[in-house]
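Please open the model in your viewer and keep the selection panel at hand. The tour below goes from one selection to the next and says what is found at each stop.

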Amino acid sequence: MKKASSLSELGFDANGAASGFFRPVAAGDGLCTPTSHRRRLTKVSVVGAGNVGMAIAQTILTRGLADEIALVDALPDKLRGETLDLQHAAAFLPRTRLVSGTDLAVTGGSDLAIVTAGARQVPGETRLDLLQRNVALFRKIVPALAEHSPDAVLLVVSNPVDILTYVAWKLSGFPVSRVIGSGTNLDSSRFRFLLADHLDVNAQDMQAYMVGEHGDSSVAVWSTVSVAGMPVLKSLQESHGSFDEEALEGIRRAVVNSAYEVISLKGYTSWAIGYSVANLVSSILRDQRRIHPVSVLATGFHGIADDHEVFLSLPARLGRGGVLGVADMELTEEEATRLRHSAKTLWENSQLLGL
């Protein structure tokens with residue numbers, strides 16, 4: 001029998017199929033004629049059907065964040081298998097149309113395009129090591145996405161995410177407000193998890209940010225960490241003499257290295273980044289105006305030079321239009337110095353690209 005994902009592909013005409021099951025609603029002097037759906041449907045595209053892309057798609061699907069999800073990948077058999085696997089769960093999920101293809105044309109009309117495609121980080125490899133391998137791929141993907149969905153918000157997840165967000169901005173021609181990197185949204189969650197676990201509170205009640213690079217030079221903003229409105233660092237230092245500068249740096253390193261630990265144990269990260277990106281998708285598509293540490297153009301913030309077009313993570317207000325504003329958070333001089341060092345690292349690497 002022919003393999004197919006729908007009865008139409010098996011040769012059954014779908015036109016008017018529902019008419020045998022449903023009668024028009026009576027309306028006084030006659031029958032109501034069905035009208036076209038007037039609600040604007042929301043479409044999200046995910047480019048890259050690897051472990052990260054599918055974790056993102058699955059989380060968006062289960063949370064009912066989109067009316068249509070388009071999946072794109074260069075491997076047609078794997079893509080079809082992943083699509084069918086999700087379609088077969090339709091009876092247990094919110095009604096969402098799933099489409100897929102190897103051609104980026106399938107993403108046409110997207111409200112949000114998520115890019116996860118790229119070479120996978122391997123044990124012992126830093127995110128910046130991935131740079132040259134992934135820029136060439138972006139030259140093929142980003143202009144096509146921009147052509148098919150000129151009004152979309154572009155969300156970059158591929159690593160090194162900060163520099164590739166800069167690349168996507170340059171290649172897309174989009175306004176800077178509509179090009180976002182997933183940045184340290186996940187790093188901040190890891191930071192909050194460690195602190196919440198130590199304090200025996202829910203991580204959602206922690207206010208704690210990692211900013212700067214999504215990588216080795218990220219900055220833990222200890223000066224603003226709080227729970228229930230109470231500063232955490234001062235309390236910890238008063239009750240535990242071991243919370244000195246060396247200990248704080250050890251915690252920051254633990255946050256940075258947590259991704260490498262997961263990669264060394266299972267070969268890749270997927271579930272946490274899936275939830276992190278779905279969190280961003282919700283804020284954007286539902287216009288929630290929530291604050292997330294994501295990769296944005298940081299020129300002029302915290303002493304970063306005005307002529308340095310560098311993307312790194314700062315707390316940003318997200319909504320339907322993308323980045324609606326960036327918080328000019330108060331940093332200590334030490335934190336600001338570390339942030340500028342992170343920016344310098346990213347700037348130097350981005351200048352090697354010649355964009």
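## Pockets first, then rings

Begin with the largest pocket of this predicted model, which has a volume of about 810 Å³. To place its centre, select V52, T116, A117, G118 and A119, which are the closest to that point among the 39 residues that line the largest pocket. Next colour α1 (51-62), α3 (131-148), α5 (185-199) and α7 (245-266), the elements that each give two or more residues to this lining; α3 gives the most, with 4 residues. If you then colour by domain, you will find that the lining of the largest pocket takes at least three residues from each of domain 1 (39-181) and domain 2 (184-352). Coloured by class instead, the same lining shows 18 nonpolar, 16 polar and 5 charged residues.

Move on to the second largest pocket, whose volume is about 540 Å³. Here the selection to make is S189, R192, Q204, N279 and R290, the closest to the centre of the 21 residues in the lining. The elements that supply two or more residues to the lining of the second largest pocket are α5, β9 (206-207), α8 (271-285) and β14 (290-297), and among these α5 gives the most, with 6 residues. By class, this lining consists of 10 nonpolar, 8 polar and 3 charged residues.

Stay with helix α5 and select F191 together with W222, which form an edge-to-face aromatic pair, with 5.2 Å from centre to centre and 85 degrees between the planes. The pair joins distant parts of the chain, since F191 is in helix α5 whereas W222, 31 residues away, is in the loop between β11 (219-220) and β12 (226-227). Are these two residues buried or exposed? F191 counts as buried because its relative accessibility is 0%, and W222 is likewise counted as buried because its value is 7%.

For other rings, select Y166, W169 and F311, which ring pairs link into a cluster. Then show R178 with F174: R178 lies over the face of F174, at 4.4 Å from the ring centre.

The last stop is K234, which you will find in helix α6 (residues 232-239). K234 has a relative accessibility of 54% and therefore counts as exposed, the cut-off for that class being over 50%. To finish, draw a distance between the C-alpha atoms of K234 and S223, which are 11 residues apart along the chain and separated by 9.0 Å.

Note on methods. Residues numbered from 1 in each chain as written. Predicted model: local features only at pLDDT ≥ 70, side-chain atom pairs only at ≥ 80, totals over all residues. Heavy atoms only, no water. 1 Å grid on protein atoms, 1.4 Å probe; cavity = no way out; pocket = protein on both sides within 12 Å on 5 of 7 lines; lining within 4 Å. Points joined across faces, edges and corners; volume = space filled by probe spheres on them. Nonpolar A, V, L, I, M, F, W, Y, C, P; charged D, E, K, R; others polar. Domains from an automatic or database assignment. Buried < 20%, exposed > 50% of the residue type's maximum accessible area, 1.4 Å probe, protein only. Phe/Tyr/Trp six-rings, centres within 6.5 Å; stacked < 30°, edge-to-face > 60°. Lys NZ or Arg CZ within 6 Å of the ring centre and 35° of its normal.
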